Amino acid sequence: MNQPVVEIRSLLVRRGGQNILQVERLNVGRGDVAAVLGPNGAGKSTLLNSLLGFIRPNVGEIRVLGRRVHPPAAPLYLLRRRVGFVPQALAAHGETPLTVREVAAIGRTGIAGLFRRLKSSDWRLVDSWLERLGLGELAERAYAGLSGGEQRKTLIAKAMVQEPELLLLDEPTANLDLFWREQIVEALERLYEQTRLTVLLVCHQLEAIPPCCRRLVVLRGGRPVADGPPEQVLGERMVEELYGSRLRLFASRRRYAAVPAGE
Ligand code: ADP
Ligand code: MG
């Protein structure tokens, strides 16, 4: 078997006197599309940030793309070039006077070398991802002036122009309306069909899980409580346990939603 893209062993992250993430063993294989689902505060962002070395665990081992992230073996900037990351917060570039095309191009600078000029082949790649994500018309617009959904897509383009071997997304549909949520879910679905990339996606809503996701890890209170194909993991009991009230689960063509059960 190929070496897993992500390997976690005996991981413990403690902050403020609490165990905020505790994962005994978790592997993500090449070509997997896995979603980590859990309520707010479950430790989802802590997990992604630990994989990138932005958070130092207290105990345990993490390997990403075969490189040791914890305990750290080498500077991580070389590894981070190989990992596309779409963070939860959109505000990072909110005040930055850059166009959509320039924000997407930031993803290429790590590859080309920081502060080096991008080549025309780099710009072609940037433009091709903007086109594929339906942002071609917006390329010269100010990033700060875009809607939340358009900004999210720009950040996905920025991650993809890195030509990553692993894509990490932290709540890519958070704070989006239904139209934009569907735009992002569709974009992820197409992206997977076109690239067969390994994807680890974090979300707190069932509705954000794209159909290409064939594995669901449920996180609660910093611990995985279920791990398997969505159709096996997502029973009404699991959904109630996660979200605390009586809910009815809907499943349609590998998409999921929950509504209050009523009496
Ligand atoms: P999620 O992304 O699932 O909403 P997080 O990973 O952001 O959750 O956080 C998990 C828990 O850890 C939360 O309860 C959060 O308040 C807590 N936490 C995160 N970072 C710190 C920190 N530096 N100090 C104390 N508590 C933290
Ligand atoms: Mg989070």
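**Entry 1. Strand β6**

I began with strand β6 (residues 83–86) and asked whether its faces are buried or exposed. Both are covered: Val83 and Phe85 are buried on one side, and Gly84 and Val86 are buried on the other. The model I am reading is a predicted one. The arrangement follows a general rule, that side chains in a regular strand alternate between the two faces of the sheet.

I then looked up the pairing of this strand. β6 runs parallel to strand β7 (residues 166–170), and 4 bridges join the two. For Gly84, I found the bridge partner in β7 to be Leu167.

**Entry 2. The magnesium ion**

I next asked which protein atoms serve as donors to the magnesium ion, ligand 2. They are the OG of Ser45 and the OE1 of Gln88, at 2.1 to 2.4 Å from the ion. Ser45 belongs to helix α1 (residues 44–51), whereas Gln88 sits in the loop between β6 and α3 (100–112), so the two donors tie together parts of the chain 43 residues apart in sequence.

I also checked the accessibility of both donors. Ser45 is partly exposed, at a relative accessible area of 23%. Gln88 is likewise partly exposed, with 35% relative accessibility.

**Entry 3. Helix α1**

Since Ser45 lies in α1, I examined the rest of that helix. Of its 8 residues, 7 are buried, and I noted the helix as mostly covered. The buried residues are Lys44, Thr46, Leu47, Leu48, Asn49, Ser50 and Leu51. After the helix comes Gly53, and I recorded a positive phi for this residue, near 80°.

**Entry 4. The two domains**

I looked up the domain division. Domain 1 is made of residues 1–82 and 165–233, and domain 2 of residues 90–163. Their C-alpha centres are 23 Å apart.

How many residues of each domain are in contact with the other? I found 21 in domain 1 and 16 in domain 2. The two domains bury about 1,400 Å² between them, with 63% of this area on carbon and sulfur atoms. For salt bridges between domain 1 and domain 2, the count is 0.

**Entry 5. Salt bridges**

I searched the whole structure for salt bridges and obtained 12. I inspected several in detail.

Arg181 pairs with Glu182, and their closest N and O atoms are 3.1 Å apart. Arg181 has a relative accessible area of 15%, and I therefore entered this residue as buried, the limit being under 20%.

In helix α6 (residues 178–195), Arg190 and Glu186 are 4 residues apart, about one helical turn. Their side chains meet in a salt bridge, with an N to O distance of 3.9 Å. In general, an α-helix has 3.6 residues a turn, so residues three or four places apart point the same way. Arg190 is partly exposed at 33% relative accessible area, and Glu186 is partly exposed at 45%.

I then turned to Arg220, which forms a salt bridge with Glu241; the closest N and O atoms are 3.0 Å apart. This pair links distant parts of the chain, with Arg220 in strand β9 (residues 215–220) and Glu241 in helix α8 (residues 236–243), 21 residues apart. I noted Arg220 as partly exposed, with a relative accessible area of 34%. Glu241 also counts as partly exposed, at 37%.

Lastly, I recorded a network: Arg108, Asp122 and Glu163 are joined into one by salt bridges that share partners.

Terms used: Residues are numbered from 1 along each chain as its sequence is written. Chains are lettered from A and ligands numbered from 1 in the order in which they are written. This is a predicted model: local features need pLDDT of at least 70, side-chain atom pairs count only at pLDDT 80 or more; totals for chains, interfaces and linings use all residues. Side-chain values use heavy atoms; hydrogens and water are left out. Buried means under 20% relative accessible area, exposed over 50%, partly exposed in between (1.4 Å probe, protein chains only). Two strands pair if DSSP finds at least two bridges between them. Donors are N, O and S atoms within 2.8 Å of the metal (3.2 Å for Na, K and Ca); water is not among the atoms, so sites may look incomplete. Domain bounds come from an automatic or database domain assignment. Contact means heavy atoms within 4.5 Å. Buried area is the accessible area (1.4 Å probe) that two parts lose on being put together, summed over both. A salt bridge is a side-chain nitrogen of Lys or Arg within 4 Å of a carboxyl oxygen of Asp or Glu.
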